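Please read the points below alongside the coordinates. They concern helix packing, enclosed space and one arginine.

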Amino acid sequence: MSGNKPNAPPPQQFNLLPKIINGGIAGIIGVSVVFPLDLVKTRLQNQTVGPNGERQYKNMLDCFRQTYRAEGYFGMYRGSAVNIILITPEKAIKLAANDLFRYHLALPDGSLPIVRQMAAGGMAGACQIVITTPMELLKIQMQDAGRVAAQAKAEGRKFERITAMQLTRQLLKERGIFGLYKGVTATAARDVSFSIVYFPMFATLSDLGPREKPNDPPPFWWSFLSGCAAGSTAALAVNPMDVVKTRMQTITKGSNERQYTSIVDCVTKTMMQEGPTAFFKGGACRMIVIAPLFGIAQSIYYIGLAENYLGIK
């Protein structure tokens, strides 16, 4: 007689490949939808206040209007090619790594205490920076070029735009591979802290969702709402680090805009010259970007397109 119980459930398995595929699909769809909002967020974060309080953009809607008027519909997607290409591995790593770490950190009874959830999220955020840093660096230059060009035009100066490929070659020639990792410390601080907040909160909200059967996943709409709520909360919480990261990664500055040598230098100068509210520039816009981005991405990820296609249960 076998020692196994006749009705014992099969041991839980973890299939990494379909989760990577799902993460890539989720990232492409999410970024394609919210990219114009992300462009506005970048430009709002990069603009500094003049000596007399003058600003290039009054608010989010004003930035939208000025950008659309000067650059047209496709100007709202400036830098999107870089983002869409690199978001596939970035989201794949982030979402799949979190699941992988959660799987290995789970207790023997299958439970996962909140501290272990935070550890899994933090490690997933650390894994993604190998892709996120060059992606953000290139994306920011493309997104902010229109703002700097408009400023140069108003001052009667010439401004020459460059493509993402030209910028990549230039950085590699001048600084080697490390040129693509400018601002990596600030990026790590933002992404790790974001993931520590986001993933446990999403898991908690997801567990509260309605289910037809106890072990079934929540419905599509609940995953979407959970992703939106967790994403917007985490985005606001780490917005100060996002402002620091954006400013440190911006290579081409506008007139009278400051260069920063380190995170401490950026934080100190921003605090002294613009006050604490500067660290929440683009905060509302970032929440609006991240909420649907992670709502869409998390929903697509949990639908399990790759598992269905590959025939994996």
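The numbered points that follow take up two helix contacts, the cavities and a buried side chain.

1. Basis of the note. This is a predicted model, in which local features need pLDDT of at least 70 and side-chain atom pairs count only at pLDDT 80 or more, while totals for chains, interfaces and linings use all residues. Residues are numbered from 1 along each chain as its sequence is written, and side-chain values use heavy atoms, with hydrogens and water left out.

2. H1 against H4. Helix H1 (residues 16–46) packs on helix H4 (residues 114–154) with the axes 9 Å apart and an angle of about 70 degrees; helices here are DSSP runs (H or I, at least four residues) numbered from the N terminus, and axes are lines fitted to C-alpha atoms over the stretch in contact, with angles from 0 to 180 degrees between N-to-C directions. H1 and H4 are therefore roughly perpendicular, a term for angles of 65 to 115 degrees. Phe35, Asp38, Leu39, Thr42, Arg43 and Asn46 of H1 meet H4 residues including Lys139, Ile140, Gln143 and Arg147, where contact means heavy atoms within 4.5 Å. By class, this contact has three nonpolar, four polar and five charged residues; Ala, Val, Leu, Ile, Met, Phe, Trp, Tyr, Cys and Pro count as nonpolar, Asp, Glu, Lys and Arg as charged, and the others, Gly among them, as polar.

3. H1 against H8. The axes of H1 and helix H8 (residues 239–249) come within 9 Å and cross at roughly 80 degrees, which makes H1 roughly perpendicular to H8. Lys41, Thr42, Gln45 and Asn46 of H1 make this contact with Asn239, Asp242, Val243, Thr246 and Arg247 of H8, and its classes are one nonpolar, five polar and three charged residues.

4. Enclosed space. There are two cavities of 30 Å³ or more, a cavity being a set of points on a 1 Å grid over the protein atoms alone where a 1.4 Å probe fits but cannot get out. The largest has a volume of about 270 Å³, and of its 23 lining residues (an atom within 4 Å of a point) the closest to its centre are Lys91, Glu136, Arg190, Ile290 and Leu293. By class, the lining has 10 nonpolar, three polar and 10 charged residues.

5. Arg286. This residue is found in helix H10, and Arg286 counts as buried (under 20% relative accessible area, 1.4 Å probe, protein chains only) because its relative accessibility is 6%. Leaving aside neighbours within four places in sequence, Arg286 is in contact with Lys41, Arg190, Phe194, Ala235, Val238, Asn239 and Asp242.

Terms used
Helix = DSSP H or I, 4+ residues; strand = E, 2+ residues; numbered from the N terminus. Parallel < 35°, antiparallel > 145°, perpendicular 65-115°, else oblique. 1 Å grid on protein atoms, 1.4 Å probe; cavity = no way out; pocket = protein on both sides within 12 Å on 5 of 7 lines; lining within 4 Å. Points joined across faces, edges and corners; volume = space filled by probe spheres on them. Buried < 20%, exposed > 50% of the residue type's maximum accessible area, 1.4 Å probe, protein only.
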